[in-house]
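Hi everyone, thanks for making time for this. Let me put the sequence and the structure up on the screen, and then we can walk through a few side chains together.

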Amino acid sequence: MNPSEPSPIRILLADDHALVRRGVRLILDREPDLEVVAEAGDGAEAIALARAHDIDLAVLDIAMPRMTGLQAARELAALKPGLRILMLTMHDNEQYFFQALKAGAGGYVLKSVADRDLVAACRAAVRDEPFLYPGAVTALVRNYLDRVRHGEEPPDRLLTAREEEVLKLVAEGNSSKEIADTLFISIKTVHRHRANLLHKLGMRDRLELTRYAIRAGLIEP
């Protein structure tokens, strides 16, 4: 590289399907200003790699094991406030879209049109400009108009971000020790979060928590 040229945008790519990661990497690496420097197979691995690598942008799938892309986005936004985050997903879904914005993502790209939109979205994210697919723009405007019309604000979340992370890992069958290791917290703290979950949700056991996690879109049935 010519020393006078700006260094490429360093990208962390997270998706639990290796084939998808390979395809996305092909799209990004053919651009001289974009470089994939780390790949993760789930949200927890993405956070570990973000700690270990100097990255400018995280491109995260939403539905991943251990920790979803939305959960990872929240953690990454807290861990590295200057990091830009893009969600890359197959879900053309208003609920996921609004959760992504709330989690700190600056853009939302559909996998079905990644070859058309992803490069522009990466560049927009680094310029600190939002990138939304056309359906998301419609959803955003409609949601805003509905709230203005009814004078409503959305209700507070029932669970904290950490409780949601513990819920997903419990529902996936992880032991308390595995959850503690994944989230860098003590086993005692895991037990406290689990007790809080059961109390808040009015549930008795892991099976009921798992059913709730499926309904909430944290894990796939």
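Let's start with a question for the room: is Phe97 buried or exposed? Phe97 counts as buried, because its relative accessibility is 0%. Please keep in mind that we are looking at a predicted model.

Phe97 also has an aromatic partner, Tyr108. The two rings sit edge-to-face, with 5.6 Å centre to centre and 85 degrees between the planes. Over 60 degrees is what edge-to-face asks for, in case you were wondering about the label. The structure holds one aromatic pair, and this is the one.

So what does the pair tie together? Phe97 belongs to helix H4, residues 94-103, while Tyr108 belongs to strand E5, residues 107-110, so the contact links parts that are eleven residues apart in sequence. Tyr108 is buried too, at a relative accessible area of 1%.

Now for a ring with a charge: at Phe184, the charged end of Arg51 sits over the ring, 5.0 Å from its centre.

Last stop, Asp61. The unreviewed UniProt entry annotates Asp61 as "modified residue: 4-aspartylphosphate". Where do we find Asp61? Asp61 is in the loop between strand E3 (57-60) and helix H3 (69-79). Even in that loop, Asp61 is buried, with a relative accessible area of 4%. Leaving aside residues up to four places away in sequence, Asp61 touches several others, including Asp15, Asp16, Thr89 and Lys111. Ala14, Gly69, Met87 and Leu88 are also among the residues Asp61 touches.

That's my tour, and I'm happy to take questions.

Note on methods: Residues numbered from 1 in each chain as written. Predicted model: local features only at pLDDT ≥ 70, side-chain atom pairs only at ≥ 80, totals over all residues. Heavy atoms only, no water. Phe/Tyr/Trp six-rings, centres within 6.5 Å; stacked < 30°, edge-to-face > 60°. Helix = DSSP H or I, 4+ residues; strand = E, 2+ residues; numbered from the N terminus. Buried < 20%, exposed > 50% of the residue type's maximum accessible area, 1.4 Å probe, protein only. Lys NZ or Arg CZ within 6 Å of the ring centre and 35° of its normal. UniProt positions renumbered as here; feature names shortened; annotations may be inferred. Contact = heavy atoms within 4.5 Å.
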